[in-house]
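Biologist: I would like to learn how to read a sheet and a pocket in a model. Could we go through one case?

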Amino acid sequence: MEKRVKLRTLLFGGVMTLLFLVLIGRIYYVQVVSGAAWYDMAKVRWSASEELKAKRGSITDRNGNMLAMDTIAYNISVNPKMIAGHGIEQEVVDGLHDILGISKEALMAYVTAQNAEGEYYSHREIRKGGWQIEKAKADEIYQFRDELIVQLRKEKKTPDTGIYLQETLRRYYPRQTLASQVVGYISLDGQYMSGVEAYFNDRLTGEDGYMRYEKDGKRVQLSNGEVDYKPARDGQDIQLTIDNDIQHYVEEALREVMEKYSPKSATAIAADPKTMEILAMANMPEFNPNEFWKSDYANYYNHAVGSLYEPGSTFKIVTLASAIEEGVFNPNETYMSGSITVPGEPRPIRDHNRVGWGEITFLDGLIHSSNVAFVKLGFERLGKDKLREYFTNFGFGQKTGIQIGNELAGDISFHYNREVADATFGQGVAVTPIQQVAAVAAVANGGKLMQPQLVKSFKDPITKTTTVIEPQMVRQVISEESSRKTSEYLEQVVSDMEKGTGRRAHIEGYRVAGKTGTAQKWVDGGYSTTKFLVSFIGYAPVEDPQIVIYIAVDEPAHSYIGGGSAIAAPAFREIMLKSLRKLDVPPSYEVQQEEAVIETMISVPKLTALKLSQAKAELKAKEMAYEVIGDGTTVLQQIPAAESVVHPSQRVYLITEQKDKLSIPDLTGVSLRDAIELTSLIGVRLVPEGGGYVVSQEVEEQGDERIVKVKLSPPPGSEEYRDASEEVSEGSEASSAEEDNSGHTQDDEEDAAESTADNADAPGVSDDAGIADNAGEAEQ
C-alpha cells in the first residue's frame, strides 16, 4: 500500500515537473523565440491610426475668382446584416429614396445584399447617388437616421440603424459651366478627369498624411505612448490666365449663336496678343463639371485645341503678312479678279462671287476677300517653298505647347500646284483654333510668335512660394514694320462699310482689324454645299492691340445668311466691345455725335403683348440680342421700351411673368438706367459702382432681400459718355448720347441687301460646275 502511494506521488510529481518544463519552454518560445512577433501583434491591438487627407489644389482665374476647389462631402454606406436584423429594410429604402432620389429597386439591392452562401454583407457602399453628396443632403440623412434610432430604442433594439456617413472631400466647381472644358472635371472615384484637372494632376494632387498613436483598453491615447506623425501635404494652387468676366462675355455670345443658328458646335478664344495669355476659351455645347454625368461625352471636348479645321479666308492673314514681309504685296497694284488657272490643273480657281470685280487693286482684293488675289501672292510670287516656310514659322503643322491635353499639331503639307494654290486662301490645310490665334497675335504684336499660356502661376501651400509663368517668345516671324502694314490693311476689311467683308465687326470709336472666313467642309470625298465652318478673327485697337478674338461656328443650320460675316462677326463685335470696356481701353478716336447717331443707333420695336416666338423673330430680324426673363409665353413688358434708340449690341429683355416669379437676369452690357429699371421691376436692390454700362455683377442675399452689386464702366476718353453716365447715376433722365458713343456701325438696310447678295453668291446655290471650280471656299 505504501509502495503504491509512493508510486502515485512520484508519478504526480513527474507529471507536474513535465508540465512545468513544457510551460517554461512555451514561455521561452513566446517571450524569446517569438517575442518580437507577438510584441508587434500586441502593438497593433493597442495602437490606432488616422489618415490625414490632403487637399487638392484650387484653380482660380487671373483675378483670384475660384473655378475649382475641394469642399466637404459625404459618402453613404449601409450594413445589410444590421438592417435585416432590425427588420427595417423598407423604412431604410423609403427614407433614402426620398432624400437621394435613387430608385427603390436599386436601394433595396444595396440594403439586402448577400453573398453566395446567402449571408448578409456587413458593409455596402451606395456608389451611384450616395457618393460625395453635399452637406445639405447629409444633414437630411442624419435627421432620418436619428428618427430611426428613436424608433429602435422604443422597440428596445440596438440603436444602430446600419446607415453610415463618412466625411470626405469633393471637387466643387462654383462657377458651374464657366470654362468647363478648360478647367475639366474629376469623376467621383477619381479615375477619370479632363482639362487642367488632368493636365496638372500631379501638381494639384497632394500627399495624404497619417498619425499613429498608442491607446489603452478604453481606446484613449496613452500620454507616454509612441506617436508616429506625417502631415498631409496639400496640392499646389493654380492660377489660370482666364479672365472670369471676358470668359463670361465669350460664353454668352456663343450661347446666342447656338440658339440662333443651331450649329454642331461653336468655339471661341480670346487672348492678349502681346503675351498670348488666354483670357477666355470656350466651346458650345457645354457641361457642368459638378454633374458631368448628365451631359454627353462630346460636350467635354475642347475644340479650341483638339479639333482640326480647314479655316477658309481667315487663313489669308498669314499669306498676306508673308507677302508683305517679302515685299511682293503692293496695295495699289492691279490684277484681274474672277478666276485664275494654276499650271497643270484643268479647273480654274474662282472668286467667291464667281465673276470677280473686274480689274481691281490688291488692297481691294483683300477687302473683297478675293481668292484670286491670294493665289497670285502666295502661289505665283512667294512660291511653294517660301510659303511653306512662312506657314511653319507662324506655328502651323506643330503643337503650340499650350498647357492642356489633347492638343493636335495639324497638317500643312502640300505637293501639287493645286494644293499650294488652295492653301494660300485656307483650303486643304488642317489647323486648330489655338494655332490661328497664335499666328494672328504675331501679326498684331509686332511679328513675335508667342507660346500660348493658360497658366499664370503655381502656388505651393507648404513652402508658400509662388512660381510665375513668364511669356515665352518662340520666334520673330515678320518685322514690326510688316506687322504694322498688315494691321492697317486688315483694318480696312472691317472699316470699309461698303465692301469690307468684316464690316459687321466694326466698333465705333475703335480701330479694329480682322478677317472673315466661310469654308466648305470636306464630306464623303468632296466639299459639301450645305455644311460650312464660318469664322471671324480680329484684334483691337490696331494702334496698340490689347485683345485678339477668334470665333468659329461649325455647321450652322442657316448657312446662307452671310457666313462668317453675318454669324461670327457680330459675336466677335459683342465680345470685343464688352472686353475693351472691361479692360479700360480708351477709344482710338473721338466719335462725331451726328455720325454716331446716324450709323450706330437703332430703334427697339414694340414687343409688349406679342407671343414670345413673335418677339424673338422680330429681334432676330434686326440682329438684336435679347434675354427672356420668366417662363411665360407672352411678353408682358420689355426693357428698353418700344421705340427707344439704342446701340445694336444693347440686349432687349423680354419679361414674361409677374414680379414675384422672376429670376435675376444677366445685366452685363446694359446701361445703368436700364439696370435700375430691370432690378426695380423684379424687386431687387441695385448697388452700382461707377457709371456707364455694366461690366460685371454679383448677387447677394441679406435675409429676405436680394441685392445685385454691379460695376459699370464707360469707354475712357469719351466726354459725352462720361457726362451721360453721371446724369444717370444721379437719377436724371439720361439722354440718347449716353449710348451714342458705345459701339459699332451697322446700317440695317445695307446689311439686308448684303445678306441677299451673299445668299446668291454662296456655293450651295451655285450650279454644279461652279461648285467644282471653287470647292472649299465661299467667302461671305
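Modeller: We take a sheet first and then two pockets; note that the model is predicted.

Biologist: What is the strand order of the open sheet of five strands?

Modeller: Read a sheet by its order and pairing. Here the order is E10-E9-E21-E20-E19, and the pairing is antiparallel. Strands E10 (277-284) and E19 (513-523) form the edges, each pairing on one side only. From one strand to the next, the twist averages 10°.

Biologist: How many bridges join E19 to E20?

Modeller: Ten bridges link E19 to strand E20 (residues 526-540), and the two run antiparallel. Val523 stands opposite Gly526 of E20.

Biologist: Which helix packs on the sheet?

Modeller: Helix H11 (residues 244-261) does, touching E9 (265-272), E10 and E21 (547-554). The direction of H11 makes about 25° with that of E10.

Biologist: Now the pockets. Which residues lie nearest the centre of the largest pocket?

Modeller: Read a pocket by its volume and its lining. The largest pocket holds about 1,200 Å³ of space. Its lining has 42 residues, with Gln132, Leu169, Arg170, Ser187 and Leu188 nearest the centre. Strand E5 (163-172) gives the most to this lining, seven residues. By class, the lining has 13 nonpolar, 14 polar and 15 charged residues.

Biologist: What is the volume of the second largest pocket?

Modeller: The second largest pocket has about 820 Å³. Of its 33 lining residues, Asn244, Asp245, Ser696, Gln697 and Glu698 are closest to the centre. H11, the helix on the sheet, is among the elements that supply at least two residues of this lining. The classes here are nine nonpolar, ten polar and 14 charged.

Note on methods: Residues are numbered from 1 along each chain as its sequence is written. This is a predicted model: local features need pLDDT of at least 70, side-chain atom pairs count only at pLDDT 80 or more; totals for chains, interfaces and linings use all residues. Side-chain values use heavy atoms; hydrogens and water are left out. Two strands pair if DSSP finds at least two bridges between them. Helices (H or I, at least four residues) and strands (E, at least two) are DSSP runs, numbered from the N terminus. Axes are lines fitted to C-alpha atoms, for helices over the stretch in contact, and angles run from 0 to 180 degrees between N-to-C directions. Contact means heavy atoms within 4.5 Å. On a 1 Å grid over the protein atoms alone, a cavity is a set of points where a 1.4 Å probe fits but cannot get out, and a pocket is an open set with protein on both sides within 12 Å along at least five of seven lines; lining residues have an atom within 4 Å of a point. Grid points are joined across faces, edges and corners, and a volume is the space filled by probe spheres set on the points. Ala, Val, Leu, Ile, Met, Phe, Trp, Tyr, Cys and Pro count as nonpolar, Asp, Glu, Lys and Arg as charged, and the others, Gly among them, as polar.
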